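Subject: Structure handover

Hello,

Here is the structure for you to look over. My notes follow below it.

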Amino acid sequence: MIIAVDGPTASGKGTIAKALAAHYGLPHLDTGLLYRAVGRQVATNGGNPDDAGDALAACGFADGLLDDPELRSEASGGLASRVSVHPAVRQALYERQRAFATQSGGAVLDGRDIGTVIAPEATAKLFVIASVGARAARRHAEMLSQGRDVALADIEADLAARDERDRNRSAAPLRPAPDAITLDTSDLGREAAIAAAIALVEQMR
Ligand code: C5P
């Protein structure tokens, strides 16, 4: 069983993907981390994330980079969003994601193009969304809990800019697969969102 969980930043897709993996006993890959690692590697190399050649050269990052807590930062998310527009970068990361998705026994992957590009044959496809306001509020609370006080308006503006870039790029833009079911988590708490996701997967398998 392959479960594809796609959606915009801070929609709850990561939490849902992790919970589905635990529920079904499947391995989980957060594919955003791969793009974040490429973004960080470009910065380390002193390259330009908007340059396709610099971004491609950073795709050979060391696996250990995936454990760097710095990858979770907003800055890394912004870099990831910039390197991810280059088709050569998406191609370079394809095999790794494809191999993970097709391992025997199944897998859960979350990202932007799992149901459309990486695993179009997935058993269950969820497209997780939430209003910009709800997503910004969650991100804000998460940052406050880490002792970082960033203005809510700045977080909202950053999310909106990232959504815009992810939706409008020509290579694998963020959009639901035709056979995906959309789950809106705007008004759902963590447990309710997870329960709704499990019910949808049960319906699709
Ligand atoms: O999901 P996350 O916020 O970690 O992703 C960071 C960025 O990486 C996204 O804004 C998106 O531009 C890119 N990404 C992508 N395709 C994926 C996963 C992430 O383009 N499958």
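Which hand does the crossing of α7 and α8 have? It is right-handed. Keep in mind that this is a predicted model.

Helix packing

Start with that pair. Helix α7 covers residues 132–145. Its axis and that of α8 are 9 Å apart, and the two helices pack at about 120 degrees. That angle makes α7 oblique to α8, because angles over 115 degrees and up to 145 fall outside the perpendicular and antiparallel classes.

Now take α1 and α9. Helix α1 spans residues 13–24, and helix α9 spans residues 190–204. Their axes come within 10 Å. They cross at roughly 60 degrees. The two helices are therefore oblique to each other. The crossing of α1 and α9 is right-handed.

Ligand shell

Next, the ligand. It has 14 residues around it. The closest are G32, Y35, A80, S84 and G111. Three elements each give two or more residues to this shell: α2 (32–45), α4 (74–83) and α8 (152–168). So look at α8 twice, since it packs with α7 and also contributes to the shell.

By residue class, the shell around the ligand holds 7 polar, 5 charged and 2 nonpolar residues. Both domains take part. Domain 1 (1–26 + 108–205) supplies at least three shell residues, and so does domain 2 (28–102).

Annotation

UniProt, in an unreviewed entry, places the feature "domain: Cytidylate kinase" at residues 3–202. How far apart are the end C-alpha atoms of residues 3–202? They lie 11 Å apart. Helix makes up 53% of that span, and strand 11%.

Best wishes

Key: Residues are numbered from 1 along each chain as its sequence is written. This is a predicted model: local features need pLDDT of at least 70, side-chain atom pairs count only at pLDDT 80 or more; totals for chains, interfaces and linings use all residues. UniProt positions are given in the numbering used here, feature names are shortened, and annotations may be inferred rather than shown by experiment. Helices (H or I, at least four residues) and strands (E, at least two) are DSSP runs, numbered from the N terminus. A residue is near a molecule or strand if its C-beta atom, placed from the backbone, lies within 6 Å of it. Ala, Val, Leu, Ile, Met, Phe, Trp, Tyr, Cys and Pro count as nonpolar, Asp, Glu, Lys and Arg as charged, and the others, Gly among them, as polar. Domain bounds come from an automatic or database domain assignment. Axes are lines fitted to C-alpha atoms, for helices over the stretch in contact, and angles run from 0 to 180 degrees between N-to-C directions. Angles under 35 degrees count as roughly parallel, over 145 as roughly antiparallel, 65 to 115 as roughly perpendicular and the rest as oblique. A crossing is left-handed if the near helix is turned anticlockwise from the far one by less than a right angle, and right-handed if clockwise.
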